[in-house]
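Work through the exercises below with the sequence and the model at hand. Each task is followed by a solution in steps.

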Amino acid sequence: MESYIGILVLVAVAAIVCVAMVSLSWVLGPKKVTPYKSSPYECGVTPEGSARERFPIKFYLVAILFILFDIEVIFLWSWMTIYRDSEVSFQLFSFIEMLVYMSTWILGYIYAVRVGAIDWDETTSLDPAKLEDTVLPKLEAKPVLQPATEGS
Amino acid sequence: MPEFNAAFPLPREIDFAMLMPVIMVLVTGMIALVIEMLRPKQNNNLIVIFSIAGLMAAGVATAIQFGQPEKTTLVEMVLRDQFGLICQLLLVVACALTILFSETYLRSRRIAFGEFYPLVLWSTAGAMIMASSRNLLVIFLGLEILSISLYVLAGLARAELRSEESSLKYFLLGSFASGFFLYGIAMFYGATGSLDLAFLANGLTGNPAAKTLLVFGIGLMFVGLGFKAALVPFHQWTPDVYQGAPTNVTAFMAVCSKIGAIAALFRVLVAAAPMKADWLPAMMAIAMLTMIVGNAVALLQKDVKRILGYSSIGHAGYLLVGLLAYVNAPDQVSIATTGYYLLSYTFMTLGAFAVISVVTKDGRDTTRLEDLNGLWQRDRLAAVLLVVFMVSLIGIPPSAGFFGKFFIFQDAISAGLVPLAIVLAISSAISVAYYLQIARAAFVVETEPRPAMRMSPALRATGLICLLGVVLAGILVTPVQRFLMGTPAEEPMEASTTGLVGKG
């Protein structure tokens with residue numbers, strides 16, 4: 001138990017320092033709320049439009065495909081660890097089994113390519129009407145929120 | 001009892017005849033996908049032909065194993081027994097019937113994606129895997145293969161909000177139920193040191209804490225499987241999902257998902273029989289609730305698919321009674337009763353949903369009771385088929401539905417589960433009202449019947465096959481029973497004393 005005292009002291013000091021810094025800056029710091037400040041943060045760019053709009057879900061599709069093929073490799077890994085040290089008959093058998101297993105993945109991969117799941121072509125997925133509505137106004141760069149006036 | 005082996009086992013010999021049905025269905029699905037890739041945007045007739053041929057082959061590969069001794073292969077990962085074989089055969093038949101009437105239905109809904117067929121086939125393969133293993137992890141794998149395909153299939157009509165809702169609801173609740181099942185498996189493993197249900201006894205001897213763990217594990221597994229089989233406290237998803245999904249998917253879901261879940265439930269119940277004092281009262285309560293709630297709430301529904309959804313909940317209750325009777329008194333009661341009930345359930349439910357799919361019009365699918373009005377005027381055969389399936393679902397004598405229900409009733413009494421038998425009889429009586437409502441709706445005369453209500457040849461074939469199944473299984477009860485038991489037909493009647501036929 002005594003050997004843990006050092007760690008406990010460190011935890012206590014860290015907690016006190018953190019709480020003090022956060023609460024002091026909250027108590028002492030000046031607060032000027034402007035509409036611009038309280039608007040959502042979008043990587044420093046002026047926010048525009050509603051956040052609740054449709055957007056292409058290509059990221060999800062690519063992420064799911066990535067996870068699937070990642071899992072495939074993990075299965076190969078576990079096979080690999082016992083492959084070298086096993087007897088020849090098992091090596092031959094499991095090699096053929098793995099080829100069968102891989103062929104199902106390759107079939108899935110061909111399917112994913114064929115249906116264009118990994119094509120990154122925005123023009124085909126976005127509705128033309130949507131392109132006019134969102135992409136073109138953005139090019140003209142109109143700020144939606146006015147900068148806060150002094151002293152408000 | 002197989003020997004306990006803690007080391008990592010390698011498969012020394014594999015009985016491919018036992019694996020063949022599942023492999024055939026999986027490969028058929030892959031072939032169907034390849035066909036779809038080779039000729040996209042064309043009609044799916046070739047896929048349908050290949051799928052049905054593959055399923056027929058798988059059906060034969062299953063049927064030739066009937067009556068062979070119980071056996072495991074692939075390091076005890078795969079188990080062959082009579083009930084598993086019955087379930088596998090029924091799954092293959094149900095999948096083939098679904099595929100048979102799907103193409104015209106999907107076209108009329110304007111969602112004729114070729115991907116439907118591989119998904120249905122793989123889903124069937126998942127249910128078949130569930131039915132043919134005693135290893136919990138393999139059962140879980142089968143459950144996920146079955147479910148993930150079904151989540152996609154439920155949302156097949158993706159332009160429709162209701163179908164999307166159905167898919168999302170099924171996905172969220174289904175994953176939750178899978179989590180329950182997996183948690184139960186983890187506890188089982190903790191208590192017994194094995195994933196094989198045959199080693200349940202490990203948890204009962206020795207450390208008393210293991211027993212507690214085992215009770216929780218079994219309970220959680222019941223929750224997970226109860227969700228899939230739509231038993232009552234876990235049934236809320238059923239009507240919404242059944243209503244929103246395209247009708248052919250609903251038919252498939254109602255039959256295949258249920259058979260898979262009942263098969264897995266059978267394995268868990270049989271393995272957990274030594275500790276049935278702990279769970280039998282709870283399961284009896286669940287069975288009673290399932291029968292009463294399923295049938296009583298169905299009375300209030302106005303949508304045919306919702307009514308049939310609640311009816312399938314009620315039927316899950318009857319099936320559970322059959323299972324419990326078998327587990328309670330395995331010497332006096334045969335599991336072929338439940339097998340026979342599954343057979344009749346497959347034909348009458350698939351047939352009913354197939355006939356309901358006829359009301360689709362202009363890509364839209366409204367299935368209120370009024371939408372069936374005038375069916376008799378437009379298509380006599382469809383109305384007759386609907387009446388026959390309703391008669392069988394009620395359980396009126398010459399139909400298979402009657403014998404299935406009657407045998408389960410008889411089993412429940414001889415197994416000493418009299419309360420269950422009484423509730424079964426009462427809830428069957430309640431069910432008459434809503435089944436007759438559906439049948440009556442088809443005969444209401446309309447001045448201007450909807451022109452679209454005509455059965456396509458494929459739909460007609462499906463309906464007639466289901467009709468044959470319901471009627472023949474009703475007339476030829478004894479031979480069908482004997483076939484399900486796996487006893488050859490030449491044997492004299494006295495030989496099958498464990499079967500229903502011998503009991504009198």
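**Exercise 1.** In which loop of chain B does Arg110(B) lie? Classify its exposure and its phi, then do the same for Val75(B).

Solution. The model is predicted: local features need pLDDT of at least 70, side-chain atom pairs count only at pLDDT 80 or more, and totals for chains, interfaces and linings use all residues. Residues are numbered from 1 along each chain as its sequence is written, while chains are lettered from A and ligands numbered from 1 in the order in which they are written.

Step 1. Arg110(B) lies in the loop between H3 and helix H4 (116-131) of chain B. Helices (H or I, at least four residues) and strands (E, at least two) are DSSP runs, numbered from the N terminus.

Step 2. Arg110(B) counts as exposed because it has 12 C-beta neighbours inside 10 Å. The classes are buried (20 or more other C-beta atoms within 10 Å of the residue's own), exposed (12 or fewer) and partly exposed (in between), with C-beta atoms placed from the backbone.

Step 3. The phi of Arg110(B) is positive, about 60 degrees, although the residue is not a glycine. Most residues other than glycine have a negative phi.

Step 4. Val75(B) is placed in the loop between strand S1 (71-73) and strand S2 (78-80) of chain B. Its phi is near 50 degrees, again a positive value in a residue other than glycine. Val75(B) has 17 C-beta neighbours inside 10 Å, so it counts as partly exposed.

**Exercise 2.** Which residues of H17(B) are buried, and what do they pack against?

Solution. Step 1. Helix H17 of chain B (residues 457-475) has 19 residues. From first C-alpha to last it reaches 26 Å, close to the 27 Å expected at 1.5 Å a residue; the expected span is 1.5 Å times one less than the number of residues.

Step 2. Buried in H17(B) are Leu459(B), Thr462(B), Gly463(B), Cys466(B), Leu467(B), Gly469(B), Val470(B), Ala473(B) and Gly474(B). Seen down the axis of H17(B), these residues fall within an arc of 155 degrees, so they line one face of the helix. The arc is that of the directions from the helix axis to the C-beta atoms.

Step 3. Pro457(B) and Leu468(B), on the other side of H17(B), are exposed.

Step 4. The buried residues pack against helices H3 (82-109), H12 (336-356), H14 (380-394), H15 (400-414) and H18 (477-485) of chain B. Two residues are in contact if their C-beta atoms, placed from the backbone, lie within 7 Å.

**Exercise 3.** Is Pro21(B) buried or exposed, and which residues does it touch?

Solution. Step 1. Pro21(B) belongs to helix H1 (residues 16-38) of chain B.

Step 2. Pro21(B) counts as buried because 29 C-beta neighbours lie inside 10 Å.

Step 3. Leaving out residues up to four places away in sequence, Pro21(B) touches Ala58(B), Ala61(B), Thr62(B), Gln88(B), Val92(B) and Met128(B).

**Exercise 4.** Which elements of chain B have the lowest and the highest mean pLDDT?

Solution. Step 1. pLDDT is the predictor's confidence in each residue, from 0 to 100. Chain B has a mean of 88, and 92% of its residues reach 70 or more.

Step 2. Helix H19 (residues 500-503) of chain B has the lowest mean, 39, and H4(B) the highest, 96.

Step 3. Over residues 490-504 of chain B the pLDDT is below 50, and this stretch has 25 contacts in the model beyond near neighbours in sequence. Where pLDDT is low, the predicted coordinates should not be read in detail.
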